[in-house]
Amino acid sequence: MKDRSILPQIETCNELLSLLLKQNRTETAWVLYAEMFRLKIKSSVVTFNIMINVLCREGKLKKAKAFISYMEAAGFKPNVVTYNTIIKGYCSSGKFEGANEIFQSMKGKGIKPDEYTYGSLISELCKKGKLEEAVTLFEKMVENKVVPTAVTYNTLIDGYCNKGDLVVAFRYRDEMVKKGIKPNISTYNSLIHALFMEGRMTEVDNLIKEMQERGMPPDNITYNILINGYSKEGNAKKAFELNEEMLSKGILPTAKTYTPLIYVLGQRNRMKEADNLFKQIVNKGLSPDLIMFNSLIDGHCANGNMERAFMLLKEMDSKKVAPDEVTYNTLMRGLCRLGKVDEAREILSDMKKRGIKPDHISFNTLISGYSRKGDMNDAFKIRDEMLGNGFNPTVLTYNALIQGLCKNKEGEHAEELLKEMVSKGITPDDSTYISLIEGLGKDEILVENNGT
């Protein structure tokens, strides 16, 4: 157009800017915006809204907010879309206070918030676990005659499902139905996932039937939830049946579908099948993620296949999948199970070299490993290192040390640790007392200032 000396209209430019934004090509959007200035193509409200969205996408929220003044200076009045864009930007960055400030400014200028405005704010409050505030805002929304959609209800339902309060979650589901708002697939997925977490399988089946009666077939997320739930229950047969059903309906599995299947095979000591499934996943062109690798490594470590576990660690490097503390803790636990605690300790050093900080599980794993072998000097060295890294001993730390001391017939030292444990406000559990009773041959353990 430029080569033919045809001046593009603002609508053409807005279409291009919008497309660049969708493709996340923000730098090119700014180049085009500058070219519009050079060609003296006058912006519209739509242009400003797009560029505010570009700034929000770049995380430049203060500049996005300042753009409103620039827009007004140019003679354009910001509309509800302008404010919604900035509110969404602040919410996406987890900055509710900033979003609420824009919300108040919007109302102060006489611009009426719509469902999208309230939806963004309610969603952010739910993410932060501030459900009471979210409900208050929802009630204000209804009071202001802004009609909520299924998306708004789903946000509240999901929030209460995550909290584990299914009574309130189902109450909102019933309320939306009464108001003539049809629950969608997201509504059901949130409820199904929450029911699975509580092991309420009969109700899960009822919801699946209800979905089908409403002509709403399960989607890939539904299947992923079901497969994950049955896998965690250890029901490999049902999990794989669902995977086959998913394929028969033309729903393509993702890495999230296969990870629980690998997990359940590991739990059933079916590691050859787990490895074969992993190969199939790679051959299908899917990229294994960190969680999938961790699940497979965990299965091999639990079954004593440490050589294969370390081969998978190398494969992670070749596929540019960075291991995390879970990966290393799993490997350390596998080595400790085989009594190779010194090798596990070397893993801790490798972990630090990679810039991965050990956590309390890392240290407790080594302490437990050395204690089982009766190497109490090393166990206490790791305990000291744990303290030096800012981690306080837990009941697991003390139990491991007490078990090791009792194994070495160091009863007095074990009882001293019990007293120390109590003095630090850590309540001994059954394992603590069983270790002491078995190790010391006593049927009564006395601890000062402790009525247990």
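## Sorting the residues

Ala, Val, Leu, Ile, Met, Phe, Trp, Tyr, Cys and Pro count here as nonpolar, Asp, Glu, Lys and Arg as charged, and the others, Gly among them, as polar. You'll want that split in hand for the pocket below.

The model is a predicted one, so local features need pLDDT of at least 70 and side-chain atom pairs count only at pLDDT 80 or more, while totals for chains, interfaces and linings use all residues. Residues are numbered from 1 along each chain as its sequence is written, and side-chain values use heavy atoms, with hydrogens and water left out.

## The largest pocket

Let's start with open space. The largest pocket holds about 700 Å³. Its lining has 24 residues, and those closest to the centre are His193, Asn224, Ile225, Asn228 and Lys256. By class, the lining comes out as seven nonpolar, twelve polar and five charged residues. On a 1 Å grid over the protein atoms alone, a pocket is an open set of points with protein on both sides within 12 Å along at least five of seven lines, a cavity is a set of points where a 1.4 Å probe fits but cannot get out, and lining residues have an atom within 4 Å of a point. Grid points are joined across faces, edges and corners, and a volume is the space filled by probe spheres set on the points.

Which elements give two or more residues to this lining? They are helices H9 (150-163), H11 (185-197), H13 (220-232), H15 (255-267) and H17 (290-302). H13 provides the largest share, seven residues. Helices (H or I, at least four residues) and strands (E, at least two) are DSSP runs, numbered from the N terminus.

## One enclosed cavity

Closed-off space is a shorter story: there is one cavity of 30 Å³ or more. The largest cavity has a volume of about 40 Å³. Around it sit Lys88, Cys91, Ser92, Ser120, Ser123, Glu124 and Lys127. Helix H5 (80-92) and helix H7 (115-127) each give two or more residues to that lining, and H7 has the largest share with four. Sorted by class, the lining has one nonpolar, three polar and three charged residues.

## Salt bridges

How many salt bridges turn up in the whole structure? The search finds 20, each being a side-chain nitrogen of Lys or Arg within 4 Å of a carboxyl oxygen of Asp or Glu. One of them joins Lys65 and Glu101, at 2.4 Å from N to O. This pair links distant parts of the chain, with Lys65 in helix H4 (residues 61-73) and Glu101 in helix H6 (residues 96-108), 36 residues apart. Lys65 is partly exposed at 33% relative accessibility, and Glu101 is partly exposed too, at 44%. For these labels, buried means under 20% relative accessible area, exposed over 50%, and partly exposed in between (1.4 Å probe, protein chains only).

There's also a network of salt bridges that links Arg173, Asp174, Glu210 and Arg214. Within the network, Asp174 pairs with Arg173, their closest N and O atoms 3.1 Å apart, and Arg214 pairs with Glu210 at 3.7 Å. Arg173 is buried at 12%, whereas Asp174 is partly exposed at 36%. Arg214 (41%) is partly exposed, and Glu210 (22%) is partly exposed as well.

## Cysteines

How many disulfides does the structure hold? Zero, where a disulfide is a pair of cysteine sulfur atoms within 2.5 Å. Take Cys161: the closest cysteine sulfur, in Cys126, is 11 Å from its own, so that is too far for a bond. Cys161 is also buried, at 9% relative accessibility. Cys13 is another buried cysteine, with a relative accessible area of 4%.

## A buried Asn and two loop residues

Asn243 sits in helix H14 (residues 236-248) and counts as buried at 5% relative accessibility. Leaving aside residues up to four places away in sequence, Asn243 touches Ile227, Pro253, Thr257, Tyr258 and Leu261, contact meaning heavy atoms within 4.5 Å.

Now for a couple of backbone oddities. Lys40 isn't a glycine, yet has a positive phi of about 60 degrees. Lys40 lies in the loop between helix H2 (26-38) and helix H3 (45-57) and is exposed, at 72%. Asn269 also has a positive phi, near 60 degrees, in a residue other than glycine. You'll find Asn269 in the loop between H15 and helix H16 (271-283), exposed at 55% relative accessibility.
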